[in-house]
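Open the model in your viewer and pick a cartoon view to begin with. We will go from one selection to the next, with a short note on what is there each time.

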Amino acid sequence: MRSAREVVVNMTCDQVSEHFRRIEFACHCGCGFAAVDVELLELLEDVRNHFNAPVHVNSGCRCLAHNREVGSKDSSKHVRGIAADIRVEGYSSAEVYKYLYRKYQNQHGLGIYKTFVHVDVRRERKRWIKLAN
Ligand SMILES: [Zn+2]
Ligand SMILES: [Zn+2]
């Protein structure tokens, strides 16, 4: 199973790409886990450019302890640093999900929730719908 391939950067303010900063991917518990996967970052930049709107990362990296705290399974891709729960300003989760669903036909994990979309860059294809959260 793959883990994050780290982005190597030397930019000011911890900027890891045009629209994202490393801090946005950091585990919310404060442990400092903030891997940024190259492929995930490219995907998020594409979403940013497609909708031409800010993309908010509700949850990126999670250490195992924090992942358990939020009630997620140990196999969660957030633990491996290759997942993000995102919200695009001005767009519903359905609109964001639909775009990604059409774009990535045979790979990645996509889950739609009421207020956000989970995306991870696993090699295999997985889709789920959890609109009741
Ligand atoms: Zn943590
Ligand atoms: Zn998620």
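Start by selecting residues 83-88, which form strand E2, together with residues 117-120, which form strand E4. These two strands run antiparallel and are joined by 4 bridges. For one cross-strand pair, show Ala-84, which stands opposite Val-119 in E4. Please keep in mind throughout that this is a predicted model.

**The rest of the sheet**

Now add E1, the antiparallel partner of E2, and look for the 4 bridges that join the two. Here the pair to display is His-56 and Arg-87, with Arg-87 sitting in E2 opposite His-56.

With the remaining strands switched on, you have an open sheet of 5 strands, in the order E1-E2-E4-E3-E5 and with mixed pairing. Which strands are the edge strands? They are strand E1 (55-59) and strand E5 (125-130), and each of them pairs on one side only. Turn the sheet to follow its twist, which averages 25 degrees from one strand to the next.

**Helices on the sheet**

Select residues 38-51 for helix H1. This helix lies across E1, E2 and E4, and its direction is at about 10 degrees to that of E2. Next, select residues 93-103 for helix H3, which also packs on the sheet. H3 touches E2, E4 and strand E3 (108-113), and its direction makes about 160 degrees with that of E3.

Stay on H3 and show side chains. Ser-93, Val-96 and Tyr-97 are buried. They cover an arc of only 95 degrees around the axis, so they are on the same side of H3. What do the buried residues of H3 pack against? Their packing partners are H1, E2, E3 and E4. Color Ala-94, Glu-95 and Arg-102 next: these are exposed, on the other side of H3.

**Two residues with positive phi**

Most residues other than glycine have a negative phi. The next two stops have a positive one.

Select Asn-52, in the loop between H1 and E1. Its phi is near 50 degrees, a positive value in a residue other than glycine. Is Asn-52 buried or exposed? Asn-52 has 8 C-beta neighbours inside 10 Å, and a residue with 12 or fewer is classed as exposed, so Asn-52 counts as exposed.

Then move to His-108, which is placed in strand E3. His-108 is not a glycine either, yet its phi is positive, at about 75 degrees. Around His-108 there are 24 C-beta neighbours inside 10 Å. The cut-off for a buried residue is 20 or more, so His-108 counts as buried.

**Zooming out**

Finally, show the whole chain and color it by secondary structure. There are 3 helices and 5 strands, and along the sequence they follow the pattern α-β-α-β-α-β-β-β. The radius of gyration is 14 Å, close to the 14 Å that the globule rule gives for 133 residues, so the chain is as compact as a globular protein of that length. Along its principal axes, the C-alpha trace spans about 35 × 35 × 25 Å.

Two last numbers go with this view. Buried residues make up 31% of the 133 residues in the chain. Among contacts with a separation of 6 or more, 55% are between residues 24 or more positions apart.

How values were computed
Residues numbered from 1 in each chain as written. Chains lettered and ligands numbered in written order. Predicted model: local features only at pLDDT ≥ 70, side-chain atom pairs only at ≥ 80, totals over all residues. Rg over C-alpha atoms; globule rule 2.2 N^0.38 Å. Contact = placed C-beta atoms within 7 Å. Pairing = 2+ DSSP bridges. Axes fitted to C-alpha atoms, helices over the stretch in contact; angles between N-to-C directions. Arc of directions from axis to C-beta.
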